[in-house]
Amino acid sequence: MKYRKLIAPYLISNGRKFRLAQIRPDDGARQELKKRIDELMAGSVARLSELQEKLYAQNTWGMLIIFQAMDAAGKDSTIKHVLSGVNPQGCEVFSFKQPSAEELNHDFLWRAAQRLPERGRIGIFNRSYYEETLVVRVHRELLDKQKLPDGLTGPGIWQERFEDIRSFERYLTRNGISLLKIFLHVSKDEQQRRFLKRLDKPEKNWKFSTADLEERKFWKDYMDAYEEMIRHTATPHAPWLVVPADHKWFAQLVVAAAIIEKLDSLKLSFPRMTAEQKDQLKKARTRLA
Ligand code: ATP
Ligand code: MG
């Protein structure tokens, strides 16, 4: 499986000319892939597990994977499936909800900074500081709750946030935190189908929320905000992966492939033993014999 070729159309390393219309949410329904999906996913999950073990052992790089999406796009199930083979000790998932009173007393990157992965670990952000350019932009009244001083919330604030996020991500990569940002791009029609399923199936009822239904009214505003966000924050060191998400199996395969490619690019290896350490291992063997 050529991972690089699979992800190439969806990996945005320079956002300047990006348009969301470039990528169809229902792209990817390729029968030849679908037929082999179980085998392909099993292979990818195993490969990811190997790479994660090296990441952990080498203990120099950390990896931050950010997931952003509209409701019902499949963030939770993608995280669950793609990382199913990864050692839980080396991986931490954190979900960002509406900010608490304490969080609102700080600058907007504060809470994310506290959840960054250690070296050797994979950190998953289920939503992130990017909400600050999405939901907060679509619902401006949320900005008023942020207690920013007068004069700092003018129309230029979104461009400033993009600039601050770009700098923050540059800083992270310079410190050995590798970044991959994933937007699961689902269509409004597919979201409707998934919401209906949540209503139809008793075991899915708990996932349904009327608030999510309300947000559908703002679909166009959200899409504009996503496009702007990607245009301003997709960079070579912190690219966006815009994943067609109407077919869940395809989205999961693309996400797995992208994480594998990213980890592969770090050229990870198990730590080399020094002559002295090798000698100690030899001695340990004789003591065990
Ligand atoms: P699920 O519904 O699958 O459990 P979710 O990520 O949608 O997962 P919810 O608790 O439903 O979780 O929603 C979290 C909410 O918090 C979202 O509506 C999101 O927009 C909001 N949120 C996250 N970060 C911020 C932020 N910085 N400012 C305001 N709202 C935010
Ligand atoms: Mg939700």
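User: Before we look at this predicted model, what makes a residue count as charged or nonpolar?

Analyst: Asp, Glu, Lys and Arg count as charged, while Ala, Val, Leu, Ile, Met, Phe, Trp, Tyr, Cys and Pro count as nonpolar, and the others are polar. On that basis, the shell around ligand 1 in this predicted model has eight charged residues, five nonpolar and one polar.

User: Which residues of the shell are closest to ligand 1?

Analyst: Lys97, Arg111, Arg127, Glu131 and Glu132 are, out of 14 residues that surround the ligand. As for helices, α4 (75–82) and α7 (135–138) each bring at least two residues to the shell.

User: What makes the pair between Glu132 and ligand 1 a polar contact?

Analyst: The cut-off is 3.5 Å between N or O atoms. A side-chain N or O atom of Glu132 is 2.9 Å from a nitrogen atom of the ligand, so the pair qualifies. Asp71 has a side-chain N or O atom 3.1 Å from an oxygen atom of ligand 1, and for Lys97 the distance to a ligand oxygen is 3.0 Å. The protein covers 74% of the 630 Å² of accessible area that ligand 1 has on its own.

User: Why is Ala72 called buried?

Analyst: Its relative accessible area is 11%, and buried means under 20%, so Ala72 fits. Ala72 sits in the loop between β2 and α4, and has a positive phi of about 70 degrees without being a glycine.

User: And why is Asn59 called partly exposed?

Analyst: Asn59 has a relative accessible area of 45%, which falls between the 20% and 50% cut-offs, so partly exposed is the right term. Asn59 belongs to the loop between α3 (37–58) and β2 (62–69).

Key: Residues are numbered from 1 along each chain as its sequence is written. Chains are lettered from A and ligands numbered from 1 in the order in which they are written. This is a predicted model: local features need pLDDT of at least 70, side-chain atom pairs count only at pLDDT 80 or more; totals for chains, interfaces and linings use all residues. Side-chain values use heavy atoms; hydrogens and water are left out. A residue is near a molecule or strand if one of its heavy atoms lies within 4 Å of it. A polar contact is a pair of N or O atoms within 3.5 Å; within protein, one must be able to donate a hydrogen and the other to accept it, and residues adjacent in sequence count only if both atoms are side-chain atoms. Accessible areas come from the Shrake-Rupley method with a 1.4 Å probe; for residues, only the protein chains shown count as cover. Helices (H or I, at least four residues) and strands (E, at least two) are DSSP runs, numbered from the N terminus. Buried means under 20% relative accessible area, exposed over 50%, partly exposed in between (1.4 Å probe, protein chains only).
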